Amino acid sequence: MAVAFRDPFPIILSDDPARLTAFYRERLGFTESYRFPPEQDSEPEFVVLTLGGAQFAFGRADDTGLHGIPRGADNGRRTEVCLYTDDVDRAVEDLRTVGVPVLFEPADQPWRERAAYVADPDGNPILIVAPLTTQATPPATEPTEPIAPTAPTAPTAPGNRIASAEPVAGS
């Protein structure tokens, strides 16, 4: 594959990301390295935590994600994978060429990243992202709506809207 991927981390979906974030910070020593929305007094939809060289994220599990697949406790869809790359559009095209289902076409997002979703062979969503450069077109004010998958769809049930994280220092 011509496009390189890096900085993988799991995204754990929760009905209460703020509660889990507080537990991991206060009881286990994790550091919050990203939050969306960024205001500390608002309920987070997405938080990245780090400990040592590892990171993972919590996302809200009470809405349908950008990829259009509902997520939540009642359907077992509580985890996704996030991968960074330098060229989201090229990565998605390379994966589409070899038959990987595209769940959400590349689009600029309000959290200043270009994002897309593909599915692994079990139908699990994989978020592919890259930070927007200063030359990039400003993102829309709201996430782009999900598209119909280009290959067989993954199972569906109630779920979440996830924002991707910006790269953290050292990533």
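1. A good place to start is the β7–β8 hairpin: β7 (113–119) and β8 (125–131) run antiparallel to each other and share seven bridges. Here strands are DSSP E runs of at least two residues and helices are H or I runs of at least four, both numbered from the N terminus; two strands count as paired if DSSP finds at least two bridges between them. Glu113 has Pro131 of β8 as its bridge partner, and Arg114 is bridged to Ala130, also in β8. Five residues lie between the two strands, and Gly123 takes a positive phi near 90° in this hairpin.

2. A word on the source: this is a predicted model, in which local features need pLDDT of at least 70 and side-chain atom pairs count only at pLDDT 80 or more, while totals for chains, interfaces and linings use all residues. Residues are numbered from 1 along each chain as its sequence is written, and side-chain values use heavy atoms, with hydrogens and water left out.

3. β8 also pairs with β5, this time in the parallel sense over four bridges; Val81 has Ile126 of β8 as its bridge partner. Six of the seven residues of β8 are buried (under 20% relative accessible area, with a 1.4 Å probe and protein chains only).

4. Stepping back, the open sheet has eight strands in the order β2-β3-β4-β1-β5-β8-β7-β6, with mixed pairing. β2 and β6 are the edge strands, each with a single partner, so one side of each has no neighbour in the sheet. From one strand to the next, the twist averages 25°.

5. Two helices pack on this sheet. Helix α1 (residues 17–28) touches β1, β2, β3 and β4 (54–60), and its direction makes about 150° with that of β4. Helix α2 (residues 88–97) touches β1, β5, β6, β7 and β8, at about 165° to the direction of β6. Contact means heavy atoms within 4.5 Å; axes are lines fitted to C-alpha atoms, for helices over the stretch in contact, and angles run from 0 to 180 degrees between N-to-C directions.

6. Finally, the cores. The largest nonpolar core (buried Ala, Val, Leu, Ile, Met, Phe, Trp, Tyr and Cys residues joined through side-chain atoms within 4.5 Å) has 22 residues, with Phe9, Ile11, Phe46, Cys82 and Leu127 making the most contacts inside it. Among the elements giving it two or more residues are β1 (5–14), β5 (79–85) and β8. A second, separate core has twelve residues, including Val92, Leu95, Val102 and Val118.

Note on methods:
Buried < 20%, exposed > 50% of the residue type's maximum accessible area, 1.4 Å probe, protein only.
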